[in-house]
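Visitor: Got a minute to walk me through a structure? I'd like to poke at a few spots and ask as I go.

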Amino acid sequence: MTDNLNIPPYKIKMVEPINLIPKKERQAALKRAGYNLFALRSEEVFIDLLTDSGTNAMSDNQWAGIMSGDESYAGSRNFFHLKDTVQDIFNYSYMVPAHQGRGAEQVLFPLLVDKDNYALSNMHFDTTKAHVELAGGKAKNFIIEEALNTDQYHPFKGNFDLNKMEKFIQTEGKNNISVIIITITCNSAGGQPVSMDNIRKVSSIAKKYDIPIIMDAARFAENAFFIKSREQGYEDKSIKDIIREMFSYTDAFTMSAKKDAIVNIGGMIGIKDDENLYNQIRSKTIPMEGFPTYGGLAGRDLEAISRGLQEGIQYPYLKHRINQISLLGKKLLDNQIPVQYPVGGHAVFVDAKKLLPHIPFNQFPAQALANELYLEGGIRGVEIGSLLLGRDPESKKQLKSPFEFLRLTIPRRVYTDAHLNFTAESLINIKSRIGQIKGLKFSYEPEILRHFTARLKPISS
Ligand code: F0G
């Protein structure tokens, strides 16, 4: 019975008020923000589904950990607790903290990526791609074809197309490939998981050609949950055993702890056993992030991460979370709103290409839909499509993203099913006027990572 009701395995001890400001004020706020939801003040947002990153609610146990922060510059006890936690969950010998995921990337990638060489991934996240490029490398994606078709079922749409990747390695030559990065879950494809079988096979290709292999581990626990629920042979394994097996196939990981470690800030690099790499990372961390036992974080943050990592791998917690998101997806699908199917781990990705076929990619249909949803219900989602993708660095032509998604990203332990039902109802309400929504053009277009600070305006037909 409790399964049908999806009862959260926690109760609420502290609350933060939210408020739906009147429609007229939302219209004025959106105009002032240059039709870019990143420029809103958070008080202007009722339900904030911009990201699941750093927006999580910590537990009483984590807050208690905050009070036991040891703020020593070097050798803080919370560092050693985190190191032991990483050993326990991932079976990795070394760990260096970083202030967040991209901090970890900025330290590790220049050590792994050679100039003009390739980094291969199922799909690079934006900051991961940026750090590959900053290191002088080239990012190449090998996601399976099924992932591009939002209504075709595949249990592991984050999988690599192994044949395509191996052919690429043979054509380019293994010496021109610096690293393979497995993004779990694959955020850019819709929070889609990678199967254990695929991880194992990617790892044997990496071994065969002697290429280092790392995990982009932001949503490692959600990926493990999907393996347990969808992959044959894993139904009776514990989440921790699944995680240990996943990470046994890779050499190192970068992690944004702002996701599955259920904290508001933090990240780290994990290294399986390569002491030499660990020493290089430690030296590089000092000028970038700080002394390698704190890496840009306070001792109290390290403690909250240790405790959050253990909470984030608990089966009842993961089951409730993934169910909550899949129920939102189901409600949308039942009302003929196309979403990436099956629904992934941290968000529902609405297929704006299908929903707004009258708006071409270079007028940003998912951004137009995001803005309309804000006007309708004060809900802030985020565009993952051509606006985010940007222009070709050489020709300066607008690139066409394979997806035009409106991502409704669910923070951990923050919103109830009532908030998510309201979100679904708001999108359903928009449907009747979908044909009237207008595309957008730039009034200000920054050169790099433009989607964060761009200003737009509706095209008046
Ligand atoms: N890798 C993945 C797969 C991510 O989703 C993110 C962040 C990062 C790395 C970088 O981590 O933000 O701690 O520096 N994703 C956030 C998002 C921002 O909204 O999806 P970070």
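Guide: Sure. Keep in mind that this is a predicted model. Let's start with Gly137, which sits in the loop between helix H6 (126–134) and strand E4 (138–141).

Visitor: Is Gly137 buried or exposed?

Guide: Gly137 counts as buried, because its relative accessibility is 7% and the cut-off for buried is under 20%.

Visitor: And what is Gly137 in contact with, leaving aside its neighbours within four places in sequence?

Guide: Val113, Asp114, Asp116, Asn117 and Val132. As for Leu120, its C-alpha is 10 Å from that of Gly137, and the two are 17 residues apart in sequence.

Visitor: OK, zooming out. What does the domain assignment give?

Guide: Domain 1 covers 2–52 + 315–458, and domain 2 covers 60–312. Their C-alpha centres lie 26 Å apart. The contact takes 28 residues from domain 1 and 34 residues from domain 2.

Visitor: How much area is buried between domain 1 and domain 2?

Guide: About 2,600 Å², with carbon and sulfur atoms giving 59% of it. On the domain 1 side, Leu318, Pro342 and Phe403 lose the most area to domain 2, together 20% of what that side buries.

Visitor: How many salt bridges between domain 1 and domain 2?

Guide: Seven. Separately, the side chains of Arg413 and Glu311 form a salt bridge, at 3.0 Å from N to O. Glu311 is also among the buried residues of H12.

Visitor: Tell me about H12, then. How many of its residues are buried?

Guide: 11 of its 14, so helix H12 is mostly covered. H12 runs over residues 299–312 and reaches 20 Å from its first C-alpha to its last, close to the 20 Å expected at 1.5 Å a residue. Leu302, Ile305 and Leu309 are among the buried ones.

Visitor: Switching to the nonpolar stuff. Which residues have the most contacts inside the largest nonpolar core?

Guide: Phe90, Phe220, Met246, Phe247 and Phe253, in a core of 62 residues. Helix H9 (residues 220–230) gives the largest share, six residues.

Visitor: Where does this core lie relative to domain 1 and domain 2?

Guide: Between them, because both domains give residues to this core. There's also a second, separate core of 46 residues, which includes Phe46, Ala352, Leu440 and Leu456.

Visitor: Back to Phe220. What does Phe220 touch?

Guide: Not counting residues up to four places away in sequence, Phe220 touches ten partners you can list: Ile89, Phe90, Ile184, Ile243, Met246, Phe247, Met255, Asp260, Leu309 and Ile313.

Visitor: Asp260 is a charged one in that list. Which residues are linked with Asp260 in a network of salt bridges?

Guide: Asp52, Arg219, Glu222, Arg321 and Arg412. Arg321 is found in helix H13 (residues 315–334) and is buried, with a relative accessible area of 3%. Among the residues Arg321 touches are Asp52, Glu222 and Arg412.

Visitor: Any salt bridges that link distant parts of the chain? Which residues are they, and where?

Guide: Asp48 in strand E1 and Arg380 in strand E10 are 332 residues apart, and their side chains meet at 2.8 Å, N to O. Arg380 is buried, at 6% relative accessible area. Another pair is Lys354 with Asp151, at 3.3 Å. Lys354 is partly exposed, at 40%.

Visitor: And what about Arg200 and Glu245?

Guide: Their closest N and O atoms are 3.1 Å apart in a salt bridge. Arg200 lies in helix H8 and Glu245 in helix H10, so the pair ties together parts 45 residues apart in sequence.

Note on methods: Residues numbered from 1 in each chain as written. Predicted model: local features only at pLDDT ≥ 70, side-chain atom pairs only at ≥ 80, totals over all residues. Heavy atoms only, no water. Core = buried A, V, L, I, M, F, W, Y, C linked by side-chain atoms within 4.5 Å. Buried < 20%, exposed > 50% of the residue type's maximum accessible area, 1.4 Å probe, protein only. Helix = DSSP H or I, 4+ residues; strand = E, 2+ residues; numbered from the N terminus. Domains from an automatic or database assignment. Contact = heavy atoms within 4.5 Å. Expected span 1.5 Å × (residues − 1). Buried area = accessible area lost by both parts, 1.4 Å probe. Salt bridge = Lys/Arg side-chain N within 4 Å of Asp/Glu carboxyl O.
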